[in-house]
Every structure is written in structure tokens, then in C-alpha cells.
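Hi,

Here's the structure I promised to pass along. Have a look at it first, and my notes follow below.

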Amino acid sequence: MRNNRRGRGLGLGVIMLLSEIMSTGYTVIPPVTLGTIIGQSLLYMGIIDVPWDQWGACLSAHNIWKGREWHRLFLSAVEHADDRHLFYNMVSFLAKAKTLEPWYGSANFALLLVFLTAFTNVCYVITAMVVAELFSNNAHLHTCVIGFSGVLFALKVIATMETNPNAQTKIAGIPMPSKYAPWAELILIHVMVPNTSFMGHLAGIIAGLAYTSTPVGVVVDSIIKSITGCAMWHRWNLRYYR
């Protein structure tokens, strides 16, 4: 199936995203971060021609577990439903990645993104299967989602741990430690925008916590170092930070 994105042009969301990049200064945005934003934007507009359409790449537990369509673990994350979806995701990504990429290094950050994309979507599939079993409702197995927001929640967890998880922040005017902010945002977004994927966002938090708080992170960092030759340094491993 060929993509049907031709002729979308510069929607308002794309124009706003371009304005955000220019106001930030494209020369100061790290290369992997900038490339990810530009790549997903060009894909959305149809300038990058691919042999699938956006919903032909969507992620569902059924497509992965039964259909073995593993490519959806990656392709679903870089697709967006509309230009507003693209704008909000890419602005959120920019805010997190422009801090994390310089800290980790571009090569390491690129590999971390690949891992988080696949692992977040694996967590989504597992979560959907568990929920379907608990509530005896197979509809959860067939719900098909697209978008980068699950990865963004994983990055939110990681960015919080790399700054100060015990610092105070405010979500909807309510003060709380930063480490609880992803959970508060999960609930707030679901209440304010019911059409968003609660399980997709939850999967991102699970993936982020697995990376920062379990041996999964140690294994992933070892693999990344073996490929790039550069170690992944984390502030949460420093003595003064505990």
C-alpha cells in the first residue's frame, strides 16, 4: 500500500513547528534531535515516500503477537494522526532531547532512541494483552495506535532522573516531586484529552522506569557502549545525587 500523504502541504501544526525550530535556533539543536524532528515532519507531509500509509503502520497487540508484524514496533512511533499531533509531540521531544543528547552524545542518544521506541511499544503490547485478559475484552488487542508520545513519556522519566527527581515541580498547579510528574501528566492528559492512548503513555513510563531503575538499563548501556565505544554516564549513579 502506497502512502496517501501527498498534497498535505504546510498545515498549521507544521508551520508552528517550523516557527518553534527557528525561534530555538536550528544551529543549537543537537543533530539527532533535529534530524528526528525533520524526518518525522517530512514523513508526515509525504515528502519522504514510503510503501505504507500512516494507519497501515499502526501498533496493536494483535498485529504483533498474532501477526508477527515486528516492523510496526518502529514504524508506528514515527507516524502522526494530524499536524497538531505532530506539533505537540515534536515540541515536547525538543524540550527533552536538547538536554539529553549533549549529555549522552549523539551516537549514544540515537541508539537509546531506537531502544526506547521498540521497548516502549513492546510494553504497550504486553499491557494491552494483560488488560484484555483482566477485563475479558479482546477489543484492547485490536486497538491500533500511532505516534511518538509513548517514547516521550519514557524520555520524561529519564530526563527527570538526569536532573533532580526530588526537585519540586507543579502539574496543573499542584506541587509535587518531579519523579511523580510523569504519572500526574499521564492522568491529566487522559482526563483532558480522552482520545489519547492511556496505555501507550503508560507503556512509556514503564519503559523509562525499567531503563532507569532495573538491570535493563545496565544491559542497554553495555550494548550501546560496545557499538559506539562511549560509555553512558548517568547523574543518578553519582553518590551526591542519591
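Before the notes: I call a residue buried when its relative accessible area is under 20%, and exposed when it is over 50%, with partly exposed in between. Also bear in mind that this is a predicted model.

With that cut-off, helix α8 is mostly covered, as 12 of its 14 residues are buried. The buried set is S149, G150, V151, L152, F153, A154, L155, V157, I158, A159, T160 and E162. And what does the covering? It includes α5 (83–104), α6 (106–135), α9 (181–192) and α10 (198–213).

The geometry of α8 checks out too: for residues 149–162, a rise of 1.5 Å a residue predicts a span of 20 Å, and the end C-alpha atoms are 20 Å apart, so the two agree.

Helix α9, one of the elements covering α8, passes that check as well. Its 12 residues should span 16 Å at 1.5 Å a residue, which agrees with the 16 Å between its end C-alpha atoms. A181, P182, A184 and L186 are buried in α9. The buried residues of α9 pack against α8 and α10, plus the strands β1 (168–171) and β2 (174–177).

Now for the surface. V122, I126, V130, L134 and F135 make a nonpolar patch of about 500 Å². One of them, V130, is found in helix α6. Its relative accessibility is 43%, so V130 counts as partly exposed, falling between the 20% and 50% cut-offs.

Happy to talk it over whenever suits you.

Cheers

Methods:
Residues numbered from 1 in each chain as written. Predicted model: local features only at pLDDT ≥ 70, side-chain atom pairs only at ≥ 80, totals over all residues. Heavy atoms only, no water. Helix = DSSP H or I, 4+ residues; strand = E, 2+ residues; numbered from the N terminus. Expected span 1.5 Å × (residues − 1). Buried < 20%, exposed > 50% of the residue type's maximum accessible area, 1.4 Å probe, protein only. Contact = heavy atoms within 4.5 Å. Patch = residues over 30% accessible without salt bridge, like charges linked within 9 Å, V, L, I, M, F, W, Y side chains within 5 Å. Areas by Shrake-Rupley, 256 points an atom, 1.4 Å probe, with all protein chains shown as cover. Salt bridge = Lys/Arg side-chain N within 4 Å of Asp/Glu carboxyl O.
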